[in-house]
Amino acid sequence: IMASSNKISIITAPADVGSVFPGKSRAPAALQSVGLVNKLTTLGYEVSIHDALPDGPAGWSESEIGLNGARNEAAAVAVCHAVKDTITTALANSSPEEQIPFQLILGGECLICPAILSALTHHMPTKRIGLLYVDADCDLTYPNEPGSTGNIAGMALTHLTLRSGALESMKTFCKPDGSGSVDSSNVVLFGLNSSSPANKRDHLGYLFNENYRVFTSSAVALDATRRAKEALSWLEERVDYILVHLDVDVIDPGLFPLGNVPNWTGANFPEIMTALKIFLASKKALGLTIAEVNPYHDPGLKMTGRLVDEVVAGLKARLD
């Protein structure tokens, strides 16, 4: 069983509720405006589009940190429910034993990742689903952590693992048995900027102590092909399917400042796209989620267009 070779299900989640700056809610429209769907259909894909937020984007708003230690918690959780429900409905047309369309989720924000994986694991409860977390941040912040911004986008891995400190309201985005969608046996962190202050020593310590597989951004910058093949091979040995999560802040902003919050990773656009194409070529890859694109940083949408062209090139290889 594998993802369908010629069907793609696009899920749009134009949300901006768990973040520092406004802009990401415009990303799904921007990615489509540079010809994403047309380019995929020209290749020979059958594309269906599902909007998780049909009443309009969940935009950024000024917010205080709530008693639970998070900003905009209700809005963020509502977006996650909408994403999970939309994917669940889109998958309902395919039985667990047949090829499902490749899932292309256009965020929006990192914070929807637990909702995506929860939908996939509930659709295929007997399958082991792994995550390639291509991100400069480990996103292990927890509510009420000293110095925390309270932005739920920075808590994505806390909610994927459901480690101590996870918001009660996010614990519904889990595997069918109630456990977190990932642990150290089915996720690889790829492109982590170990020198970024956002990745606190405690967070890195957690990854060490729990035996997580991590490839730093400096290692990726030195040899993206080798590191991507190592990461993929490690995960393919352990899981039935792989979701690739691409947070564009993994790309160094010096030449490509498309990400919502700049992160000086040292890994440039070509290196990250080389890795992405290796991941998408895997027979076990069943989906890609694109997060943290901020079109406000890209007035002519040139960077957005380049990103779409690379994603389309990666998906073309699946047809061959």
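This is a short tour of selected helices, loops and residues, stop by stop. The model is predicted.

**Stop 1: helix 10 and helix 2**

Select residues 302–319, which form helix 10. Then add helix 2, residues 36–43. Their axes lie 10 Å apart and pack at an angle of about 25°. Angles under 35 degrees count as roughly parallel. So helix 2 runs roughly parallel to helix 10. The crossing of helix 2 past helix 10 is right-handed.

Now show side chains. On the helix 2 side, pick L36, K39, L40 and L43. On the helix 10 side, pick V308, D309, V312, L315, K316 and L319. These two sets meet. By class, the contact of helix 2 with helix 10 holds 7 nonpolar residues, no polar ones and 3 charged ones.

**Stop 2: helix 10 and helix 9**

Keep helix 10 on screen. Add helix 9, residues 269–280. Which way does helix 9 run relative to helix 10? The two axes cross at roughly 25° and come within 8 Å. That makes the pair roughly parallel. Helix 9 also passes helix 10 in a right-handed crossing.

From helix 9, select F269, M273, L276, K277 and L280. From helix 10, select R306, L307, E310, V311, A313, G314, L315 and R318. The two groups are in contact. This contact of helix 9 with helix 10 divides into 8 nonpolar residues, 1 polar and 4 charged.

Pause on L315. It is among the helix 10 residues that meet helix 2. L315 is also among those that meet helix 9.

**Stop 3: helix 9 and helix 8**

Leave helix 9 selected and bring in helix 8, residues 224–236. Here the axes come within 9 Å and cross at roughly 35°. The crossing of helix 8 and helix 9 is right-handed.

Helix 8 contributes A224, T225, A228, K229, A231 and L232 to the contact. Helix 9 contributes E271, T274, A275, I278 and F279. Sorted by class, the contact of helix 8 with helix 9 has 7 nonpolar, 2 polar and 2 charged residues.

**Stop 4: the loop before helix 10**

Go to the loop between strand 8 (285–291) and helix 10. Select E292 in that loop. Its phi is positive, about 70°, although E292 is not a glycine. Is E292 buried or exposed? Its relative accessibility is 8%, so E292 counts as buried.

Next select L301, which sits in the loop between strand 8 and helix 10. L301 has a positive phi too, near 60°, and is likewise a residue other than glycine. At 22% relative accessibility, L301 counts as partly exposed.

**Stop 5: L286 in strand 8**

Step back into strand 8 and pick L286. This residue is buried, with a relative accessible area of 0%.

What does L286 touch, apart from neighbours within four places in sequence? Its contacts are A3, I100, P101, F102, Q103, L120, M124, Y241, I242 and L243. Now add I105. L286 and I105 are 181 residues apart along the chain, and their C-alpha atoms are separated by 11 Å.

**Stop 6: strand 3 to helix 4**

Select the loop between strand 3 (102–107) and helix 4 (113–123). G108 lies in this loop. Look at the peptide bond from G107 to G108. It is cis, with omega near 20°.

Move on to C110 and C113. How many disulfides are there? The count comes to 0. C110 is in no disulfide, and its nearest cysteine sulfur, that of C113, is 7.3 Å away. A disulfide needs sulfur atoms within 2.5 Å. From C113, the closest cysteine sulfur is the one in C110, at 7.3 Å, which is too far for a bond. C110 counts as buried, at 1% relative accessibility. C113 is buried as well, with a relative accessible area of 1%.

**Stop 7: Q99**

Finish at Q99, in the loop between helix 3 (73–91) and strand 3. Q99 counts as partly exposed, at 41% relative accessibility. Then select T161. Q99 and T161 are 62 residues apart along the chain, with 27 Å between their C-alpha atoms.

Key:
Residues numbered from 1 in each chain as written. Predicted model: local features only at pLDDT ≥ 70, side-chain atom pairs only at ≥ 80, totals over all residues. Heavy atoms only, no water. Axes fitted to C-alpha atoms, helices over the stretch in contact; angles between N-to-C directions. Helix = DSSP H or I, 4+ residues; strand = E, 2+ residues; numbered from the N terminus. Parallel < 35°, antiparallel > 145°, perpendicular 65-115°, else oblique. Left-handed = near helix turned anticlockwise from the far one by under 90°. Contact = heavy atoms within 4.5 Å. Nonpolar A, V, L, I, M, F, W, Y, C, P; charged D, E, K, R; others polar. Buried < 20%, exposed > 50% of the residue type's maximum accessible area, 1.4 Å probe, protein only.
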